[in-house]
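Got the viewer open? Let's walk through this one together, one selection at a time.

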Amino acid sequence: MGQLSLNQRAALLSLVMLVVGLLVWELSIPAQKAAEELTEYERLTGAGSAKAGVPPPSDVLAKAWEQLSNPFYDAGPNDKGIGIQIGYSIYRVLTGYALAAALAIPLGFLIGMSPVAYKALNPFIQVLRPISPLAWMPLALFIIGDSEASAIFVIFICSIWPMLINTAFGVAAVRQDWVNVARTHELGHLKTAFFVILPAAAPTIVTGMRISIGIAWLVIVAAEMLVGGTGIGYYVWNEWNNLDLTSVVFSILMIGVVGMMLDAAFGYLQRTVSYVE
Amino acid sequence: MSKPFLSIEELTQVYPDGKGGELTVFEKASFGVEKGEFVVILGHSGCGKSTIMNILAGLAEPTSGVVKMDGYEVSGPSLDRGVVFQNYSLLPWLSTLKNVTFGVAARHPEWSKAQVVEHSTKFLAMVGLEGDVIHRKPSQLSGGMRQRVSIARAFANHPQLLLLDEPFGALDALTRGTIQDELLKIWGGTEQTVFMITHDIDEAILLADRILLMTNGPFARVAESVEITIPRPRTRTTIVDHPNYYAIRNHLVHFLGERSKELAGQKGDEVNKPVPVRIDKTVSVSESEPETPRPLRAVNS
Ligand SMILES: Nc1ncnc2c1ncn2[C@@H]1O[C@H](COP(=O)(O)OP(=O)(O)OP(=O)(O)O)[C@@H](O)[C@H]1O
Ligand SMILES: [Mg+2]
């Protein structure tokens, strides 16, 4: 053990925990099936039958293999490959998120630069921010009508706040010394914003963007369960209705993996814009 | 008498003191700087030197009073007034070279990228930064190196007026010497006017045509304007042999050691103009007497 680096030891430990966890899970399944005391609900949902029980990891792995070997098949509205479903979700998240960024970052800049704008907009932000994004859904469905656009709107509304607040904060906190450097070089407002304030505030802004994408990914699953049709959230709900818990567990894992990748992308972006003072 | 190149007229700076009251840093300070002159301002920490410089740079507005350069009132910063900030103020996300090209490109928008880089590299080399170092970020440089980048950035722009806030504070004696020489070379070869803050008396005597002495704050006064009567070119080793050197040096030491305190806090409604002091041992005492009245004589004997 002494020769292994910290990372190697951590990786080894992770692997051990994974194997032990899966083993415990696998072994506990027959015991659960043997239990005869089923509640009324379990009997109704068919928990007693072999198919509806919590699947052992081996089943999930088999399912994953099956799904991932053909992720883009399309056999009608209720039977699409996991790749297609995730694709829909990512499309909605990125669309709503991009719209939010396009509004939040310039607006945050304005708020950060101008104390008046900050004071004027603050009450609205404070009231709108704590609203659960899903609470907007009925209103969105009513006004927009289209369920697809409503899901995108919900993503838009939930991603906007962390980006707006972080941008405003980052811009307001830019050191006066750096702004003075721009001023002594007679840089105009636009150049100062692009070449001094933006890079100076970028780490804070990107942190806000990273928080936003995380929230957006959390919210899309719930939103799609509500609006239905397509997407990973709908897929989870649909498989639950089909009592295919293996697919449910598999899609839960996929949600985690995609979320992790989205976060990693922003983590990378964060590293590229960060600087040491 | 014609107006000097840079004319500071009845400058007053009042800050809130953080307890609801007011803190007057200095009041009605007035002095002039001639074109091509090298003026150093000496005073204890907190007396308001950086405040004066920020006003000269156009970065801060005085509470009252005006600064005129070439007859025009200074309002806002300009590329004609280059600043070396006390805390370097490098942009940490840019490499050393980019920190300098940033300024050069702003000064010469018509230059090609290669020209800008060449010019910047030349000035970085002048302050002893060459090779790989110029591609590092400021955070990867030592304090002295950062200061040199900041100096290169200001020098590379050939401003009419160079404002230097303790530009050599973080440098070791050896580098300090080299860059002082560089500064004298750059200044000597141009029409540049230099206004510099320092805490180092020897540095002030080596570089300055005239030293402004400030009393302690609050209500700091620009009390004296001491002419450095040592001919140029000066070098660190030869100036100490000049008969005026120790006389001037003693005068400055006494001022900073005792009189800056004694004279401090004197409110006056009248305009605060520094008393001109000329210490010259190379001429007979009777000649220099009328120019330096008051107890200053004591330090000259
Ligand atoms: N923004 C500000 N608000 C309130 N007081 C200030 C402000 N800036 C400076 N002061 C005060 O003004 C006085 C002069 O400050 P200044 O920075 O000009 O001193 P300094 O002579 O440059 O000192 P040092 O040699 O330490 O750099 C100090 O007492 C300081 O507390
Ligand atoms: Mg200072």
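Here is a tour in a handful of stops, starting with how far to trust the picture.

**Stop 1: colour by confidence.** What you see is a predicted model, and it scores ipTM 0.84 and pTM 0.84. Pick chain B and colour it by pLDDT: the average is 87, and 92% of the residues score at least 70. Now select residues 286-301 of chain B, where the pLDDT is below 50. Leaving out near neighbours in sequence, that stretch still has 15 contacts in the model. Don't squint at its details, though: where pLDDT is low, the predicted coordinates should not be read closely.

**Stop 2: the ligand.** Zoom in on ligand 1 and show what is around it. You should find 13 residues, and the closest are Tyr15(B), Ser45(B), Lys49(B), Ser50(B) and Thr51(B). Which parts of chain B each supply at least two residues of this shell? Highlight strand 2 (22-33) and helix 1 (49-57). Helix 1 of chain B makes the largest share, with three residues. Colour the shell by class and you get eight polar, four nonpolar and one charged residues.

**Stop 3: a glycine in the loop.** Select Gly48(B), which sits in the loop between strand 3 (38-42) and helix 1 of chain B. Is Gly48(B) buried or exposed? It counts as buried, because 25 other C-beta atoms lie within 10 Å, and 20 or more is the cut-off. Setting aside neighbours within four places in sequence, Gly48(B) contacts Gln13(B), Val25(B), Phe26(B), Met214(B), Gly217(B) and Ala220(B). Try a distance too: from Gly48(B) to Thr24(B), 24 residues away along the chain, the C-alpha atoms are separated by 9.8 Å.

**Stop 4: the two domains of chain B.** Give one colour to domain 1 (6-80 + 159-300) and another to domain 2 (90-157). Their C-alpha centres are separated by 28 Å. Where they touch, domain 1 of chain B puts in twelve residues and domain 2 of chain B puts in 13. On the domain 1 side, helix 5 (residues 173-188) gives the most, with five residues. That side of domain 1 has eight nonpolar, two polar and two charged residues.

**Stop 5: a buried arginine.** Go to Arg153(B), in helix 4 (residues 143-155) of chain B. Arg153(B) is buried, since 31 other C-beta atoms lie within 10 Å. Not counting residues up to four places away in sequence, Arg153(B) touches Asn99(B), Val100(B) and Gly103(B). Look for Val84(B) as well: it is 69 residues from Arg153(B) in sequence, yet their C-alpha atoms are 8.1 Å apart.

**Stop 6: across to chain A.** Show both chains and select where they meet: 16 residues come from chain B and 14 residues from chain A. The chain B side is made of ten nonpolar, five polar and one charged. Chain A also has two assigned domains, domain 1 (6-69) and domain 2 (82-273), with C-alpha centres 34 Å apart.

**Stop 7: the core.** Last selection: the largest nonpolar core, with 137 residues. Which members touch the most others? They are Val154(A), Ile155(A), Ala152(B) and Ile211(B). Helix 9 (residues 189-227) of chain A gives the most to this core, 16 residues. Finish on Ile155(A): beyond neighbours within four places in sequence, its contacts include Val93(A), Tyr97(A), Ala216(A), Val219(A) and Ile220(A).

Terms used:
Residues numbered from 1 in each chain as written. Chains lettered and ligands numbered in written order. Predicted model: local features only at pLDDT ≥ 70, side-chain atom pairs only at ≥ 80, totals over all residues. Near = placed C-beta within 6 Å. Helix = DSSP H or I, 4+ residues; strand = E, 2+ residues; numbered from the N terminus. Nonpolar A, V, L, I, M, F, W, Y, C, P; charged D, E, K, R; others polar. Contact = placed C-beta atoms within 7 Å. pLDDT = per-residue confidence, 0-100. Core = buried A, V, L, I, M, F, W, Y, C linked by C-beta atoms within 7 Å. Buried ≥ 20, exposed ≤ 12 C-beta atoms within 10 Å, placed from the backbone. Domains from an automatic or database assignment.
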